[in-house]
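Here are a few notes to go with the model, in the form of numbered points. I hope they are handy while you turn it around on your screen.

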Amino acid sequence: MKRIIGVRFRTAGKIYYFDPAGFEIKRNDHVIVETARGVEYGTVVGGIREVDDSKVVQPLKPVLRIATERDDEQEAANKGKEKKAFAICQEKIRKHKLEMKLIDAEYTFDNNKVLFYFTADGRIDFRELVKDLAGVFKTRIELRQIGVRDETKILGGIGICGRQLCCHSHLSEFVPVSIKMAKEQNLSLNPAKISGVCGRLMCCLKHEEETYEDLNRRLPNPGDFVTTDDGLKGEVSAVNVLRQQVKVIVNVGDEKEIREYRADQLRFRRRHGKNRKNSDENKKGDVSAREMKELEKLEKQDERSRLE
């Protein structure tokens, strides 16, 4: 068994694992560790725990030390310098007339490197910009192009739910999101309603996917024919997924009535295969061809950004 701790270097950033190296480290402590980028200052997101050796990616680097008061002061000073670096880089971008949008500037803890994050349409030749910045900062310079999702994760914001964006507040990594999830949750397939601040499909579609899949398996589709527990037969007109209630058009004598039943009061063939496909096609019918094309484009863009 191996003792490990999880460390983050950014709010809601990816968690990296280190060997506590004999230090008594608790959650929310600050530690100094060595990474591929150099010496870094991170926050412990979980106390010391033991895992099987086979689950550890070797080599597991040790914690150099628990952050001291001096380390805290240096980290605060670095944050102040990042604001100045950001302003200088913006000025240089304008000077070189480059079509790029600067998102953030970041110093490594040991000041061995300054990283600048930016977005742009296509590739940018920033060689002259790097030379110019290196002359100003007298250290290594790295310019890193990021996608619109990463931009939103760094900058943050408020979602349509009125809360902080998931990617900025707690999501360590982006999860695959698809139009199928919106269909499963009976959401409007209007791109404006299921797209996030970044313009991609909302990450929160993933949060309740498993719950909706389970609930939908217990329900018939609109248009299916069912038999009720009081001996009537009819066609499903609407379903309420969360309440597990179904509205059925039944024949009562010579007249038709809409009655509401619980899902467990109905007998029907479970949704899968062709029936499920037909249901998806019915949902597509409520969306214009232009909106559907836009949704599929968003889904492909999301897939591309994950592969990159």
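**Notes on the predicted model**

1. Let's begin with a single pair: Thr227 has Lys233 of S10 standing opposite. Please keep in mind that this is a predicted model. The two strands around that pair, S9 (residues 225-228) and S10 (residues 233-240), run antiparallel and are joined by three bridges. Four residues lie between S9 and S10 in their hairpin, and in the turn Gly231 has a positive phi of about 85 degrees.

2. S10 also pairs with S11 (residues 245-252), again in the antiparallel sense, this time over six bridges. If you want a register to check, take Ala238, whose bridge partner in S11 is Lys247. The hairpin of S10 and S11 likewise has four residues between its strands, and here Gln244 adopts a positive phi near 55 degrees.

3. Now for the other sheet I looked at. In what order do the strands of the three-stranded open sheet come? The order is S6-S7-S8, with mixed pairing. S6 and S8 form the edges, each pairing on one side only. On average, neighbouring strands here are turned by 20 degrees against each other, direction ignored. Six bridges hold S6 and S7 in an antiparallel pairing, and within it Ala105 stands opposite Phe116 of S7.

4. Two helices deserve a look alongside this sheet. H2 packs on it and touches S6, S7 and S8, with its direction making about 140 degrees with that of S8. H3 (residues 148-155) lies across S6 and S7 and runs at about 55 degrees to S6.

5. The largest nonpolar core has 17 residues, and the members touching the most others are Met100, Phe116, Leu133 and Leu143. Two or more residues come from each of H1 (69-96), S6 (101-107), S7 (113-119), H2 (127-137) and S8 (140-145). Which residues does Leu133 touch, leaving aside those up to four places away in sequence? They are Cys89, Lys92, Phe116, Ile141 and Leu143. Apart from this core there is another one of 14 residues, which includes Leu215, Val236, Val248 and Phe268.

6. H7 (residues 209-217) is a nice one to view down its axis. Its buried residues are Glu209, Tyr212, Leu215 and Asn216. Why do they sit on the same side of H7? Because they cover an arc of only 130 degrees around the axis. The general rule is that an α-helix has 3.6 residues a turn, so residues three or four places apart point the same way. Part of the cover over the buried residues of H7 comes from H5 (179-184).

7. Finally, the cysteines. How many disulfides does the structure hold? The count is zero. For Cys166, the closest cysteine sulfur is that of Cys204, at 5.6 Å, so the two are too far apart for a bond. For Cys198, the closest is the sulfur of Cys203, and a separation of 6.4 Å is again too far for a bond. The cut-off behind this reasoning is a sulfur pair within 2.5 Å. Cys198 also counts as buried, because its relative accessible area is 19%, with the limit for buried set at under 20%.

Notes
Residues are numbered from 1 along each chain as its sequence is written. This is a predicted model: local features need pLDDT of at least 70, side-chain atom pairs count only at pLDDT 80 or more; totals for chains, interfaces and linings use all residues. Side-chain values use heavy atoms; hydrogens and water are left out. A nonpolar core is a set of buried Ala, Val, Leu, Ile, Met, Phe, Trp, Tyr and Cys residues joined through side-chain atoms within 4.5 Å. Buried means under 20% relative accessible area, exposed over 50%, partly exposed in between (1.4 Å probe, protein chains only). Contact means heavy atoms within 4.5 Å. The arc is that of the directions from the helix axis to the C-beta atoms. Two strands pair if DSSP finds at least two bridges between them. Axes are lines fitted to C-alpha atoms, for helices over the stretch in contact, and angles run from 0 to 180 degrees between N-to-C directions.
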